[in-house]
Each structure stands twice: as structure tokens, then as C-alpha cells.
Amino acid sequence: MNLPRFYPIFDHVNWVERLVPLGVKLVQLRIKNQPEAELRAQIKAAQAICREHDCLMVVNDYWQLAIELDCDWLHLGQEDLSTADMAAIRASGLKLGLSTHDIPELQRAMLCQPDYVALGPIYPTILKKMKWHQQGVEKLTDWKERIGDMPLIAIGGMNVERAPGAYAAGADVVAAVTDITLNQDPEGRVREWLELCK
């Protein structure tokens, strides 16, 4: 499976509305700590925008809503794997991406036959407190050898300047969060990413 090489992750539908029309073809909606009605509304709105612009949308965490709202993609962290109904997820036809940080997590992820595997944090990240130190781009090469043709996503502290090194090390896709959302010119930054990934 060939995925777009640039994978922005946003915490609100407003970012999707603002930046997907620039040409983004793969995006994740990662919303935290919102009531279900708000989640539902944002997922539906983001999905409509993405379908209009031929962009793949990945829902983070909320597998029940992803199934109910007929989404195409789901991303789960390792902690979510323990509670998610994998049989229901597979029966729904959802494509699945999984986070990994070490070999046991990768082995666990591969048993689920995901559609992509993410490795992070490649560089230090300010996004969330993590028990893992930076993985470094060298680990991408190791992961790629282990997973073969499955798409590998590099995440954590990624920016336009660091992306070429991640691609060279074996990442098929690079995910970016704060490089865009904390940028003084998010639109300009997205255009830089799109130019890089042509």
C-alpha cells in the first residue's frame, strides 16, 4: 500500500478545514478530552472535508465512533489495543495504524496485521510526556527491515528539515504536529511539506 508521504496530525477540525484544501492527502484527527457529541460532530465535519478533497482521514483512538460514522482509517496506541474490539474493527473494514516504541510493542502490533506501523518519538517531542527517549533515525532502518513492505511512519519531533533523514533511513511517511500547529505560518509550512514530498 502506498500512502502519501506527509501526515499532519491535528487536534481540531478547524485545522483540517484550514489546511487540507492546500493539498494534504493524509491527515489524522487526534482529539482529546471532549464530550462524545463534540467528538462526533468534529469527526463528521472533518470526514466531509477530507472526502471533498480526496484526503484520507485517520481517526485517533475512538474506534466505536470510527465504525459508527463509517470512517476509513483508525489509529490506535498500544494502550488502546488492550481495550479495543479488534474483531469489530476488522469486521467494519477500517484500515488500522498502530503506534510502536520498542520490539515487544512491534511484535504485538504485527500480530494485529495493521495497515501501517508508526515509530516514535524519533526526536524529542514537546507534545506529550513519554517514557521513551528519542528513538533516532537509525531505529527506522531496523523497523523497516522488520516490517518489510508495510508502510512505516516516523513521528515525534519531526519537521521539514529533519524529514529527509527520516525518509532516507526507511520511513515511508513522516507525521508532523507542532511543526505546523505552532508555526507562525501554518499554511506556508504545509506548502513546504508538500513541496518536499512531491
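Eight strands close into a barrel, in the order β1-β2-β3-β4-β5-β6-β7-β8, with parallel pairing. From one strand to the next, the twist averages 25°. This is a predicted model, in which local features need pLDDT of at least 70, side-chain atom pairs count only at pLDDT 80 or more, and totals for chains, interfaces and linings use all residues. Residues are numbered from 1 along each chain as its sequence is written, and side-chain values use heavy atoms, with hydrogens and water left out.

Some terms apply throughout. Helices (H or I, at least four residues) and strands (E, at least two) are DSSP runs, numbered from the N terminus. Two strands pair if DSSP finds at least two bridges between them.

**Strands of the barrel**

Strand β1 (residues 6-10) runs parallel to β2, and two bridges join them. The bridge partner of Phe10 in β2 is Leu29. Strand β2 covers residues 26-29; Leu26 and Gln28 point one way from it, Val27 and Leu29 point the other way, and all are buried. Buried means under 20% relative accessible area, exposed means over 50%, and partly exposed lies in between (1.4 Å probe, protein chains only). In a regular strand the side chains alternate between the two faces of the sheet.

Strand β3 (residues 56-60) is joined to strand β4 (residues 73-76) by three bridges, and the two run parallel. Asn60 stands opposite His75 in β4. Leu56 also lies in strand β3. Leu56 counts as partly exposed because its relative accessibility is 31%. Contact means heavy atoms within 4.5 Å. Leaving aside neighbours within four places in sequence, Leu56 is in contact with Leu3, Pro4, Lys25, Leu26, Val27 and Trp73. Pro4 is 52 residues from Leu56 in sequence, and the two are 9.0 Å apart in space, C-alpha to C-alpha.

**Helices α6 and α7**

Two packed helices are described by the angle between their axes and the distance between the axes. Helix α6 (residues 103-111) packs against helix α7 (residues 138-147) at an angle of about 30°, with the axes 12 Å apart. Axes are lines fitted to C-alpha atoms, for helices over the stretch in contact, and angles run from 0 to 180 degrees between N-to-C directions. The helices α6 and α7 are therefore roughly parallel to each other, a label for angles under 35 degrees. The crossing of α6 past α7 is right-handed, which means that the near helix is turned clockwise from the far one by less than a right angle.

From α6, Ile103, Leu106 and Met110 meet Asp142, Trp143, Arg146 and Ile147 of α7. By class, this contact of α6 with α7 has five nonpolar, no polar and two charged residues. Ala, Val, Leu, Ile, Met, Phe, Trp, Tyr, Cys and Pro count as nonpolar, Asp, Glu, Lys and Arg as charged, and the others, Gly among them, as polar.

**Backbone features in loops**

Most residues other than glycine have a negative phi, and most peptide bonds are trans. A cis peptide bond, with omega of about -10°, joins Gly120 and Pro121. Pro121 is placed in the loop between β6 (116-119) and α7. Two residues with positive phi that are not glycine are listed below.

| Residue | Phi | Loop | Relative accessibility |
|---|---|---|---|
| Asp70 | about 60° | between α3 (63-68) and β4 | 53%, exposed |
| Gln113 | about 50° | between α6 and β6 | 63%, exposed |

Terms used
Angles under 35 degrees count as roughly parallel, over 145 as roughly antiparallel, 65 to 115 as roughly perpendicular and the rest as oblique.
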